[in-house]
Amino acid sequence: FCLISEETIIELNSDLSKVQMKPIRVENGSGDGFKWTDNKYDNIEIKALISDDNKSIINKISTESAVYETSRGIKVGDNTRKLRDLYKEHLAYSESVERKYYVYDPENDIGFKRIYFYVDDDIINEIIIEDGIDG
């Protein structure tokens with residue numbers, strides 16, 4: 001589970017220190033027994049949980065930019081037909097009052113790695129990859 005650009009690969013559950021970009025903004029947070037940082041870069045946002053040994057482990061990656069794509073080649077701006085073709089299995093459509101989205105959930109269980117593809121008029125406008133294990 002990662003997002004890829006020409007310059008870098010950002011992988012879920014990897015160490016944030018391996019990201020070779022300088023953040024524009026960093027916000028710290030805590031709650032429910034967890035500490036984290038929200039790191040904003042030019043075209044991507046990364047949330048990292050801070051472990052007991054003070055390592056920052058990437059828990060969530062999101063982008064609204066076509067600079068990044070998934071390992072299967074889906075990026076913001078692609079249509080839902082391409083998404084359905086490349087993520088045939090374990091892809092479900094859902095919508096809330098605010099948004100429509102597809103979710104790729106290969107483990108098909110609560111609280112694990114997922115990719116959310118938010119759509120408007122059958123065009124992907126945001127991709128979020130997260131490990132929901134933190135609750």
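1. In this predicted model, Ala92 has Val103 of strand E9 as its bridge partner. This residue pair introduces the contact between strands E8 and E9, which the following points place within the sheet.

2. Strand E8 comprises residues 91-95 and pairs with E9 in the antiparallel sense. The pairing extends over 5 bridges. The connection from E8 to E9 is a hairpin of 4 residues.

3. E9 also pairs with strand E10, which covers residues 113-120. These two strands run antiparallel and are joined by 5 bridges. Within this pairing, Tyr104 lies opposite Ile115 of E10.

4. Is strand E9 largely enclosed or left open by the rest of the structure? Of its 5 residues, 100-104, 4 are buried, and the strand is therefore largely enclosed by the rest of the structure. Buried here denotes a relative accessible area under 20%.

5. The wider setting is an open sheet of 8 strands with antiparallel pairing. The strand order is E3-E4-E5-E6-E11-E10-E9-E8, which places E9 between E10 and E8. The edge strands are E3, residues 25-31, and E8, each of which pairs on one side only. On average, neighbouring strands of this sheet are turned by 20° against each other, with direction ignored.

6. A general remark may assist inspection of the side chains. In a regular strand, side chains alternate between the two faces of the sheet.

Note on methods: Residues numbered from 1 in each chain as written. Predicted model: local features only at pLDDT ≥ 70, side-chain atom pairs only at ≥ 80, totals over all residues. Heavy atoms only, no water. Buried < 20%, exposed > 50% of the residue type's maximum accessible area, 1.4 Å probe, protein only. Pairing = 2+ DSSP bridges. Axes fitted to C-alpha atoms, helices over the stretch in contact; angles between N-to-C directions.
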